[in-house]
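Colleague: I am new to this model and should be grateful for a close look at a single part of it. Please take one helix and describe how its neighbours are arranged against it.

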Amino acid sequence: SFDPERGFFMSPACWCMKVWKMPTGEDGSRMRLYQKYLFPLLCLVYMIPFVQNVVMTVVAKDVMRELALTPDRMGFLGSVYLCGYAASMLFSGLLAARLGPRLFLSAMFFLAGTGCFLLSWTDSFAVPCPSCAMCGAACAVVLPSALTLFSRWDRAEAFSTLCAVLFSVGVLGALLSPIHI
C-alpha cells in the first residue's frame, strides 16, 4: 500500500503496523516496539511449517537415493510430519494460552531444530521418522501462538487484518519454497 507521508510503498507488515492502533500502557512505547518487531518475525516464522511441508516433496528423489528408501517408505516418511503436525495442533492452542506463546514457541522451535539436526545426520530409516514427527509437532504451534498473541495485543477490529497478513505470508512460503531448494 502507498504511504503518502513517506512517498513510497510499504510492505504489508509495515502497513499493518501503521493501521494497527494498539492498546498500550502508560506511554506505550515499549509495547509498540515489541509488537513492531514481533509481528514481522511471526510472519516469517509462520512460513516455516509451509516450507517444511513442501520440502519432502521437493527433495524426495535425493532422500530416497541417500537412505535407499522405497516409494512406500518415502510416502510414510512424508506423512509422519503431517501426523505429528496434526497431533500437536490438537493441544497447542491450549498450551500457548496456558504457558504463554513466547515461551511455548521458543521451546517448540528448539525441538524443531533438534529434529532437523537429527534428520540431517541420519543414514537409516529409523531416525527420520521420529525427527520428522518432532519437526511437525513443533511447527504446529506457530499458528495458535500467533493467534494468542494477536488476541492479547489488539482490539477486535485489527485481529482479522493481522490474521490475513499472517496467512498470506505463510502461503507465500509454500509457493516460494521449491524455488529456494
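Modeller: The account below begins with the overall fold, turns to helix α4 and its partners, and ends with two other helices.

The model is a predicted one. The protein contains eight helices and two strands, and in sequence order the elements run β-β-α-α-α-α-α-α-α-α. Of its 181 residues, 39% count as buried. If one takes the contacts between residues at least 6 apart in sequence, 69% of them join residues at least 24 apart.

Helix α4 covers residues 71-99, and helix α5 covers residues 101-120. These two helices pack with their axes 7 Å apart, at an angle of about 135°. Angles over 145 degrees would count as roughly antiparallel and those of 65 to 115 as roughly perpendicular; α4 is therefore oblique to α5. On the α4 side, the contact is made by S88, S92, L95, A96 and L99. The α5 side supplies P101, L103, F104 and M108. Sorted by class, this contact of α4 with α5 has seven nonpolar residues, two polar residues and no charged ones.

Helix α4 also meets helix α6, which comprises residues 128-139. The axes of α4 and α6 come within 7 Å and cross at roughly 35°, and the crossing is right-handed. From α4, the residues involved are F76, L77, V80, Y81, G84, Y85 and S88. They meet P128, C129, C132, A133, C135, G136, A137 and C139 of α6. By class, the contact of α4 with α6 has twelve nonpolar residues, three polar residues and no charged ones. A general point about helices helps in reading such lists: an α-helix has 3.6 residues a turn, so residues three or four places apart point the same way. S88 of α4 is listed in the contact with α5 and also in that with α6.

Two other helices complete this description. Helix α7, residues 142-153, has twelve residues that should span 16 Å at 1.5 Å a residue, and its end C-alpha atoms are indeed 16 Å apart. Nine of these twelve residues are buried, so α7 is largely enclosed by the rest of the structure. The buried residues are V142, L143, P144, S145, A146, T148, L149, F150 and W153.

Helix α2, residues 29-58, contains F39. Because its relative accessible area is 0%, F39 counts as buried. F39 and L162 are 123 residues apart along the chain, yet their C-alpha atoms are separated by 8.5 Å.

Definitions and conventions. Residues are numbered from 1 along each chain as its sequence is written. This is a predicted model: local features need pLDDT of at least 70, side-chain atom pairs count only at pLDDT 80 or more; totals for chains, interfaces and linings use all residues. Side-chain values use heavy atoms; hydrogens and water are left out. Axes are lines fitted to C-alpha atoms, for helices over the stretch in contact, and angles run from 0 to 180 degrees between N-to-C directions. Helices (H or I, at least four residues) and strands (E, at least two) are DSSP runs, numbered from the N terminus. Angles under 35 degrees count as roughly parallel, over 145 as roughly antiparallel, 65 to 115 as roughly perpendicular and the rest as oblique. Contact means heavy atoms within 4.5 Å. Ala, Val, Leu, Ile, Met, Phe, Trp, Tyr, Cys and Pro count as nonpolar, Asp, Glu, Lys and Arg as charged, and the others, Gly among them, as polar. The expected span of a helix is 1.5 Å times one less than its number of residues. Buried means under 20% relative accessible area, exposed over 50%, partly exposed in between (1.4 Å probe, protein chains only). A crossing is left-handed if the near helix is turned anticlockwise from the far one by less than a right angle, and right-handed if clockwise.
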